[in-house]
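Okay, thanks for coming, everyone. I'd like to walk you through one model this morning, going from the inside out to the chain contacts and then to a pocket. Let me put it up on the screen.

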Amino acid sequence: MDITYTIETIEKGLFVIHTSDGRMIPPDDGNADYRAYLAWVAEGNTAEPWNDTPTEITPPPA
Amino acid sequence: MAIDFPNSPTTGQIFTSGDKSWIWDGTVWKAYGASLSPTVLKVDSTNSRVGINNQSPAYALDVDGTVEATQFIQGTDYLTPYTGFRNKIINGDFRINQRVFSSTTANGYGHDRWLLLKNGGTVTYSTQAFTVGSPAATGYEAQNYARIVTSGQSASGDYAVLAQPIEDVRTFANSTVTISFWAKASSGTPKVAVQIEQDFGTGGSPSSVVKTYFGQVTLSTSWARYSVTGALPNINGKTIGTTANTSSLYVNLWVSGGSTFNSQTGSLGIQNTTIDFWGVQVERGSVATPFEQRPIGAELALCQRYYERTYHGAGPGVLGFVDSTTQASICGQMMVEKRVAPTFATSGSFELRRGGVAATAVSSTTGFAATTKQYRFAANTSTANLTVGQCLLFTYASGDPYLEFSSEF
């Protein structure tokens, strides 16, 4: 099954990638799932917005 | 019986009569080997070595046989510890199965840290249970083993591999390494090819993967331990990726490999067969030492650096606070710090509980953000009955739901 992605914008410029099989991927270059998403984008795909309403959530401390 | 010592002995000369030996120190004959048979105890004073059941000791103490100690044997060579964490493989006995996987035919993880890599045909990776009292090896009463069933493969690009990525390409670089495992086949005498890949990670311009073929072993239909020894290349002059914690050492157990992969498999070839694995160990040196059995808590923690499943069935759940009438922020700490910020998923039914009011069902989770230690996500409800600022508990609604964090390679 091919995975597709949508992108959810979080306040303060953060975002998270939703997969069609129900996972959420943080934009971390070391995360293998995020790299798979980047490869998917590099193939010419574009992630649709998750929804139009940004989620009100504060990022965790660095 | 009189003992006739040699005339004009040379210093260091050993003379044996019956079960006793003497050594000429230049002045007198001294007892050599005490009262033990010289075939049991050999004192090589010239090279300052002692052999037990070994007439040509090559080391300070060279024993042919089993050594038993009532106290800890201490080694000062940090490269080759005698006990503890010799094995760089995690979950080598397949006992940790946080995903509760039973079988899979897709590329991906099954038992913790164990990865099926396949192409072509049908490859089924499953967990199997040992019959109590019938382990793969005497003295290692284990629970589970891995089974790889390969069928329908024929093309040059087909393959089936049971693999584990060991974090950090520096591991065992420029060293002699021994890979050992127990295995058996359902029929015939198929082979397993062992290969290691040094992956320099991501970020910047990392060096290309270095693939080293270690060798093949031929199986039978009974459990037996096999080992191969080889040298991992030096990484001098190589560039490791700039993204932290992304380099690795892939240990690949090939059960089938088309001709495309001959250089990696020693021309293993396509094998449509059933092969079982247990007790995988990768260690420094040329000897397959006894399979290391770590405490289950330690092994689980090692696994959780890469994957963690947190069950909330009848458990206390995770604390949060209300952001809006339909949303709460949930935050917590993972049990073990992850390799990188993990991918997150939930399974099952959760609800939000506050004091004095009925629980509200969680309709979705969004907005996940994490470091390697902490996480936060939004729990959304369809019912707009939350009070902003209120603290609450994100917990199970029914069954045994769980949160999942994965930072696997």
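So, the empty space inside comes first: there is one cavity of 30 Å³ or more in the structure. Keep in mind as we go that this is a predicted model. The largest cavity comes to about 60 Å³ in volume. What lines it? On the wall we have Asn87(B), Ile89(B), Asn91(B), Gly92(B), Asp93(B) and Arg95(B), and along with those Phe291(B), Glu292(B), Gln293(B), Arg294(B) and Glu299(B). By class, that lining splits into five charged, four polar and two nonpolar residues.

Okay, on to where the chains meet. Here 27 residues of chain B are in contact with 25 residues of chain A. Between them they bury about 1,900 Å², and 61% of that comes from carbon and sulfur atoms. If you want names to look at, take Thr343(B), Phe368(B) and Arg376(B): they supply 25% of the area chain B buries against chain A, more than any other three residues.

How many salt bridges cross the interface of chain B and chain A? Zero, by the rule used here. Polar contacts do turn up, with seven residue pairs across that interface, both partners at pLDDT 80 or more.

And which elements of chain B are doing the touching? Strands S21 (327-333), S22 (343-353), S24 (364-370) and S25 (374-380) of chain B each give two or more residues to the side that touches chain A. S24(B) gives the most, with six residues. As for the make-up of that side of chain B, count twelve polar, eleven nonpolar and four charged residues.

Last stop, the second largest pocket, which has a volume of about 1,100 Å³. Its lining runs to 38 residues, and the ones closest to the centre are Asp21(A), Arg23(A), Asp33(A), Asn107(B) and Gly108(B).

Which elements build that lining? From chain A there's helix H1 (32-42), and from chain B there are strands S7 (103-104), S8 (108-109), S9 (115-119), S19 (307-311), S22 and S26 (391-406), each supplying at least two residues. H1(A) gives the most to this lining, with five residues. By class, the pocket lining has 18 nonpolar, eleven polar and nine charged residues.

One thing to take away: S22 of chain B appears on the side touching chain A and again in the pocket lining. That's my tour, so over to you for discussion.

Methods
Residues are numbered from 1 along each chain as its sequence is written. Chains are lettered from A and ligands numbered from 1 in the order in which they are written. This is a predicted model: local features need pLDDT of at least 70, side-chain atom pairs count only at pLDDT 80 or more; totals for chains, interfaces and linings use all residues. Side-chain values use heavy atoms; hydrogens and water are left out. On a 1 Å grid over the protein atoms alone, a cavity is a set of points where a 1.4 Å probe fits but cannot get out, and a pocket is an open set with protein on both sides within 12 Å along at least five of seven lines; lining residues have an atom within 4 Å of a point. Grid points are joined across faces, edges and corners, and a volume is the space filled by probe spheres set on the points. Ala, Val, Leu, Ile, Met, Phe, Trp, Tyr, Cys and Pro count as nonpolar, Asp, Glu, Lys and Arg as charged, and the others, Gly among them, as polar. Contact means heavy atoms within 4.5 Å. Buried area is the accessible area (1.4 Å probe) that two parts lose on being put together, summed over both. A salt bridge is a side-chain nitrogen of Lys or Arg within 4 Å of a carboxyl oxygen of Asp or Glu. A polar contact is a pair of N or O atoms within 3.5 Å; within protein, one must be able to donate a hydrogen and the other to accept it, and residues adjacent in sequence count only if both atoms are side-chain atoms. Helices (H or I, at least four residues) and strands (E, at least two) are DSSP runs, numbered from the N terminus.
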